[in-house]
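Here are a few notes to read beside the coordinates, written with the cysteines and one helix pairing in mind. Please keep the model open while going through the points.

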Amino acid sequence: MSAGTVLTATPPAAMETEPRGSARAVLTLARFEARRLLLRVPVVIAFAAYVAWIVWRTRSSWDGYPALQDVDRATQSMPMLVGLAVLLCANYAVLRSERHGTEPHFAVLVLPPWRRTVAHALSVVPAALLVAVCVTGQFAWEAFKPGAIGHGSPAELLVGPLTVLLAGAVGALLARVARSALAAPLVVVLLLFTLVLGTAPGGAGGLSWLAPVVAENSSNTLPSDLLGRPAAWHALYLAGAALCAAFLAVLLAGGRNLAVRAGVALTLALAVTGGVLQARGVAPSPELTAARERASVRPEQTCVEHGRSTYCAFPEWTPRTGTWAGVVDRVQSLAGGSAHERRLVVRQRIDARYGMDGDAAIPGLTGADQVTVGTAWGGNRVPEFSSAVAAVLVAGTEEAGSEICDGRMVTLMWLSLSWQDDPMDAMRRVRLDDSVKGSAIVLSPTDPLSMTEGQTDVVRRLLEKPRPGVGDQVKAHWAELTSPDVTTARAAELLGVAGPEKADSCED
């Protein structure tokens, strides 16, 4: 055999094992780049801030009474910060050989540029999985709180990890489109202002769903079947966009084979399909509109008995009826006359006709001994509900309670506040201006109440006295204290405190 023959012969085994060796090399490089990516300073800082935010927020979020259909959306915004860091560092990694002038040396390796781009695209997957762990931990923390109710959406929970995956893929794609180290920082600054800082056009229209996160924060919590968010289509859109960006980066790096071109076409179709269907799903269907109307006007609820009273709630809120009953029992135990034994009907009421954008006030019930409770609980909602209960016990109906301008307000507010752990703090939280002096609007699940400066002074003096002594006087003079003719001065006299220095009518 001649020397020339030896030099030109190619070992058959090497030709057979080259694809397998390339795949193994891609995975090895992906693991190396993933580890390096996770240890980059921007990514470490972003994850540290993300975890700190989860701990800080989740300890007291929703006052310990979360609705899981709100919690899943609350997991979406902060991963964008991690996504921006991943975008920057993934772009930096792809351009490393360009910056250091080592690109020609890679020609002697088994990996061509497009395979190295595959490795860089795969390197962002661990960051997305780590975000998925954080999202799961945040949601589980909320779900295991004793006051948690409702149902979360898996599609909503996928938004955070998919946002990071999309950001990493865009970083790799940007490196193949613009071979400049300044391109990624400029894009990050642009995204920071438009997405994270909320300067992008608002609203929940079809175009707004092209953004990675559409939180749609609402002041009212709706039953999970009334949300009407195209969450599943949005998750498909994000997954398709992330994969399409990754395949485009590989294509631009020289991956011209059939698998890459088919991947670009398929993932683009997925992104377009998800984008079109999510835009169509933004407008409520006739079935959803009818369901929202029923929930607002003729709700189908589950009613349970606790003690003397009946509590009607949407099925997801049924576990919370016992908590409401505890408040009713405490307020009613302080009342006198027939109110002490009165059978109340507590109804959960919402106005869902305008979806998550609705913020309409709920009018007071006109039926006797009926009390409204909302879908939120904890914090300020507790004294608001107790004020509604006290108003019904004093005036007979919610509608009549909202019209009280006389001395009955003293009795009403003492019933509402005196049983609470910190009555003065509860008084501050139930008033619109967070005050304990002067006149103010008193919040309620339905129409608000009004307190004059004189009534506020008398109630504050009563709350400073021992509750048992005042309670005995309330029960002893219940009939007169709940008469429409009673004045604030007379109520103060009956309860043994100094009267007001100013008029006691909210009409003055």
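1. The torsion about the S-S bond of Cys303 and Cys312 is about 110°, so this disulfide is right-handed. The model is a predicted one, and in it the sulfur atoms of Cys303 and Cys312 lie 2.0 Å from S to S. The structure holds one disulfide, and a disulfide is, in chemical terms, a covalent bond between the sulfur atoms of two cysteines.

2. The two partners of this bond should be considered separately with regard to solvent. Cys303 has a relative accessible area of 46% and is therefore partly exposed, whereas Cys312, with a relative accessible area of 3%, is buried; the cut-off for buried is under 20%.

3. Two further cysteines deserve a mention here. Cys244 has a relative accessible area of 8% and so counts as buried, and Cys89, at 4% relative accessibility, is likewise buried.

4. Cys89 also belongs to a helix pairing, being one of the H5 residues that meet H3. The axes of helix H3 (residues 41–58) and helix H5 (residues 79–94) come within 9 Å and cross at roughly 175°, which means that H3 runs roughly antiparallel to H5.

5. As for the side of H3 in this contact, Pro42, Val43, Ala46, Phe47, Ala49 and Tyr50 take part, and they meet Pro79, Leu81, Val82, Ala85, Val86 and Cys89 of H5. Sorted by class, the contact of H3 with H5 comprises 12 nonpolar residues, with no polar and no charged ones.

Notes: Residues numbered from 1 in each chain as written. Predicted model: local features only at pLDDT ≥ 70, side-chain atom pairs only at ≥ 80, totals over all residues. Heavy atoms only, no water. Axes fitted to C-alpha atoms, helices over the stretch in contact; angles between N-to-C directions. Helix = DSSP H or I, 4+ residues; strand = E, 2+ residues; numbered from the N terminus. Parallel < 35°, antiparallel > 145°, perpendicular 65-115°, else oblique. Contact = heavy atoms within 4.5 Å. Nonpolar A, V, L, I, M, F, W, Y, C, P; charged D, E, K, R; others polar. Disulfide = S-S within 2.5 Å. Buried < 20%, exposed > 50% of the residue type's maximum accessible area, 1.4 Å probe, protein only.
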